[in-house]
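Q: Please take a close look at the pockets of this model. What lines them, and which elements contribute?

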Number of protein chains: 2
Amino acid sequence: MTTIDIPEGSLFGLDNLPYGVFSTPGTQPRVGVRVGDSVVDLAVALGDDVFARPSLNAFMAQGYDRWVEVRARVSDLVRGEVPADAVFPVSEVELHLPVEVADYVDFYASEHHASNLGRLFRPDAEPLMPNWKHLPVGYHGRSGTVVVSGTDIVRPCGQRKAPDEAAPTFGECRRLDIEAELGFIVGVPSPLGSPVSTEDFPRHVFGAVLVNDWSARDIQAWEYVPLGPFLGKSFATSISPWVVPLLALEAARVPTPEQSPEPLPYLRESSPWGLDIALSVSWNGQEVSRPPYREMYWSPAQMLAHMTVNGASSRTGDLYASGTISGPEKNQRGAFIELTWGGKEPIELNGEPRTFLLDGDEVVISATAPGTEGRIGFGEVRGRILPATEAKR
Amino acid sequence: MTTIDIPEGSLFGLDNLPYGVFSTPGTQPRVGVRVGDSVVDLAVALGDDVFARPSLNAFMAQGYDRWVEVRARVSDLVRGEVPADAVFPVSEVELHLPVEVADYVDFYASEHHASNLGRLFRPDAEPLMPNWKHLPVGYHGRSGTVVVSGTDIVRPCGQRKAPDEAAPTFGECRRLDIEAELGFIVGVPSPLGSPVSTEDFPRHVFGAVLVNDWSARDIQAWEYVPLGPFLGKSFATSISPWVVPLLALEAARVPTPEQSPEPLPYLRESSPWGLDIALSVSWNGQEVSRPPYREMYWSPAQMLAHMTVNGASSRTGDLYASGTISGPEKNQRGAFIELTWGGKEPIELNGEPRTFLLDGDEVVISATAPGTEGRIGFGEVRGRILPATEAKR
C-alpha cells in the first residue's frame with residue numbers, strides 16, 4: 001500500500017478528481033483518476049471491471065447515483081492507503097481519448113464570438129442573426145476526427161477562394177486557426193422522442209473537457225453557405241484527456257449573463273447557470289488570450305435541452321461543445337481570427353507580428369475553476385501544426 | 001438441405017444479393033443475404049462468425065477482396081443446396097439497422113434540388129451558390145438518429161418563425177417533409193491525414209441504401225443561418241434494410257451529367273460515373289414522384305474524395321448520402337417542398353389537395369437499377385408519421 005502526496009496548491013486536489021484513460025508501456029488503456037501528480041488505476045483500486053476498459057463510456061452510462069458513489073469512494077480511498085500497483089506518476093503514463101465519441105455537436109454560444117464572426121464573415125449585414133438570441137445555434141461536427149490532446153495536427157488542404165479571386169484553387173490552408181471551447185460529455189442517454197429538460201441536465205451530463213476546434217478559415221469561408229461548416233472543421237478537433245465531473249464544478253456555478261428576450265419555455269431554467277471557468281490560450285509558449293467561460297450567453301443545460309427538443313436521442317459519449325469562448329475584451333477572444341481581426345491586426349508573438357498558425361506552431365489551452373478547497377484544473381489541450389502532406393493539386 | 005426458389009422477375013435475383021441484418025423471434029440479430037423472397041443466414045451457411053454479429057461492420061472492414069470472395073461463394077451456394085436451418089422467408093424475419101453508423105454526412109449533389117431550394121429559401125438571390133459547381137456541398141448530420149425502415153417518425157417540435165411573424169414560437173412542425181436520397185456506406189476506413197482519391201472509391205465503399213432524410217422545413221428555415229441544418233433534420237433519418245453491394249451495381253454505371261467548369265484535379269475521375277437508379281416515392285400508397293439518380297451532378301467517388309481531401313479520416317460504417325434526388329421534371333422531385341413549391345401548389349393525393357405530411361401519413365421510397373440479368377431492387381425505406389408527443393411549450 002502507498003499514500004498519495006498532493007502538492008500544496010495542486011489543481012488536482014480532492015475537490016477535482018477528474019477521470020481519464022491511461023496506459024503504461026506494454027499495458028492496455030484503462031480508466032484512471034488524477035490526484036495531484038498521480039494517476040490511480042480504478043480497476044485495481046476499486047476492483048471493478050467497468051474501469052478496465054479503454055473509455056469512460058461504460059462507467060458514464062451507469063448514471064448519476066453511481067457517479068456520486070464512485071466519487072465518494074475515490075475520495076475516501078485516496079485520503080488513506082492505496083494499493084501500490086494502482087498508482088502511477090502522471091509523467092509516466094500515456095493519456096488516451098477518454099471517451100468513445102458518439103455524436104459531436106458544436107454550439108455557438110458566445111455572443112461576443114458570434115458578433116465578431118458576423119462582422120468578419122458578413123461585413124454588410126447585422127453581425128448577430130435574428131435567430132441567435134432565441135436559440136443556441138449549433139451544428140453537427142465529425143466525431144471520427146475528435147483526437148486527444150498532444151495529437152499533431154496536419155495542416156489541411158482544400159478549396160479556398162478569396163473574394164478578389166475569380167475561381168477557387170486547391171492548396172494548403174492559409175488561415176489555420178483555433179477555437180478555444182468547453183465540451184460537455186453525455187453519460188446517460190435519452191431515447192428517441194424524449195427531450196431532456198433543462199432540469200434533467202445534471203442527470204445526463206457527466207463532465208466537461210477543454211476543446212480546440214481547429215478551423216481552416218479560408219476553406220470554411222468558401223464552403224459554408226448554405227449548409228454550414230464542413231471541411232473547414234472536420235480535419236481535427238482536440239480535447240483534453242481529463243474529464244472534470246460536473247460534481248466537481250458546483251463551486252464554479254454562476255448565473256449566465258441576462259438573457260433578453262426571455263427564452264421560450266423549453267429553454268428556461270429556474271436560475272440558468274453558467275460556469276466560472278477561466279481559460280488561457282498559449283501560442284508557442286506565450287499567453288495570447290484569457291477567454292472567460294462565465295460570459296457565455298447560453299447555459300450548458302439550455303444547449304442540451306435545445307439539442308433534444310425535437311425528439312433527437314442522445315447517446316453515452318455524445319460530445320457537445322460551447323463554441324468559441326470570447327469575452328468582451330480583445331485579450332479574451334478565443335480564436336485568432338478575432339484576436340487579429342481577420343488577419344488585419346497582427347499580434348506580437350515572441351517579438352514577431354503574427355496572424356494565423358504557421359507550421360511548427362504549438363497551441364496550449366488550459367483552464368481552472370473554483371473548487372471547494374481552492375482552484376481546480378482542467379489540465380490542457382495541446383496541439384502542434386505539422387506541414388501539409390502532398391495531395392493531388 | 002434445401003434449394004431456394006427465385007420467382008420469375010424477382011428484383012432479388014443472383015445479380016443482386018444484398019446484405020442485411022435480421023432476426024427471427026427469440027434469436028439475436030445477425031447478417032443475412034436476400035435471395036428472391038428468402039433470407040440466408042450467412043453465419044450458418046458459410047460457417048463464419050463474422051456474420052454472427054448485429055451489424056455488417058466487421059465484414060465490411062475485411063475489404064474489397066473479401067467482398068468479392070464472399071459474393072462469389074454466396075452466389076455458388078444459393079444456386080445449389082443450402083442448409084435448411086439457414087433459410088428463412090423474408091416475411092417471417094425482422095430487419096434491423098444493417099450497419100453501426102459512424103459519421104453521417106449529407107451532401108447536396110442534385111443541381112435541380114439545390115436550384116429549387118435556393119429559389120424557395122432565398123427568393124431574392126441567385127438560386128445556386130457560387131461554390132456549388134466547384135465542390136460537392138455537404139454537412140454532418142446526426143448518426144445517432146439513423147433508423148431502419150419501418151420505424152415510426154414522431155412529428156418533431158421546435159422553434160419556427162414565419163417571415164411575417166415578429167417572434168418565433170414553439171410547437172409542432174407544420175411543414176414536415178421527406179428527402180429521397182441514396183446513401184453510401186464506407187467499409188474500409190482511411191486514416192487521419194490520408195485523403196481517398198476518386199480512383200480508390202471502390203476499395204472503400206461497400207454498398208448503397210435508400211435514405212429518407214426527414215426534414216422539418218419550418219424549423220430548418222429559422223435555424224439554419226449561418227451554421228446549417230440542425231434540429232430540422234436531426235430527429236430522424238431512415239435507411240432501407242438491404243445494403244446493395246457496389247459489386248451489384250456495375251451494370252448501373254452511367255456517366256454523370258457534364259460537369260462545367262471542370263472540377264479541380266482532386267475531384268476528377270478518368271470518367272466520372274453515376275448510377276442509373278430509378279427511385280419511386282409513394283405517399284399513402286400513391287406514387288407522387290420518380291426521382292432519377294442518374295441526374296445527380298456529383299458522383300459518389302467525388303463525394304468521398306471531397307469528404308476526405310482535408311485529411312479527415314473515414315471509418316467503417318460511415319454513411320454519406322447524396323442529398324435529395326430531383327430530376328428536371330416536376331414529377332421527378334424528391335422532396336415535397338419542391339413538388340408543392342413551398343406548399344403553394346398542392347398536389348392531389350387520393351383526391352385531396354396536399355402539401356406537407358399529416359399525422360398518419362406513410363411514405364415509401366423504393367428503387368430499382370439495371371443488373372446483369374434483369375433489374376435489381378433496393379427494397380424500400382418506409383416511415384409513418386405519428387403525432388407529436390407533449391412537450392413543454
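A: Start with the second largest pocket. Helix 6 of chain B is its main contributor, giving four residues to the lining. That pocket has a volume of about 720 Å³. Its lining counts 22 residues. Nearest its centre lie Phe121(B), Lys161(B), Ala162(B), Pro163(B) and Ala221(B). Two elements of chain B each supply two or more lining residues: helix 4 (111–121) and helix 6 (217–223). Sorted by class, the lining holds eleven nonpolar, nine charged and two polar residues.

Keep in mind that this is a predicted model.

Now the largest pocket. Its volume is about 1,000 Å³. It is lined by 34 residues. Closest to the centre are Phe121(A), Arg122(A), Ala221(A), Tyr224(A) and Val225(A). On chain A, helix 4 (111–121) and helix 6 (217–223) are the elements that give two or more residues to this lining. Helix 6 of chain A provides the largest share, five residues. The class counts are 20 nonpolar, twelve charged and two polar.

Set the two side by side. For the largest pocket, the contributing elements are helix 4 and helix 6 of chain A. For the second largest, they are helix 4 and helix 6 of chain B. Phe121(A) and Ala221(A) are among the residues closest to the centre of the largest pocket. Phe121(B) and Ala221(B) are among those nearest the centre of the second largest. Arg122(A) is also on the central list of the largest pocket, and Lys161(B) is on that of the second largest.

Technical notes: Residues numbered from 1 in each chain as written. Chains lettered and ligands numbered in written order. Predicted model: local features only at pLDDT ≥ 70, side-chain atom pairs only at ≥ 80, totals over all residues. Heavy atoms only, no water. 1 Å grid on protein atoms, 1.4 Å probe; cavity = no way out; pocket = protein on both sides within 12 Å on 5 of 7 lines; lining within 4 Å. Points joined across faces, edges and corners; volume = space filled by probe spheres on them. Nonpolar A, V, L, I, M, F, W, Y, C, P; charged D, E, K, R; others polar.
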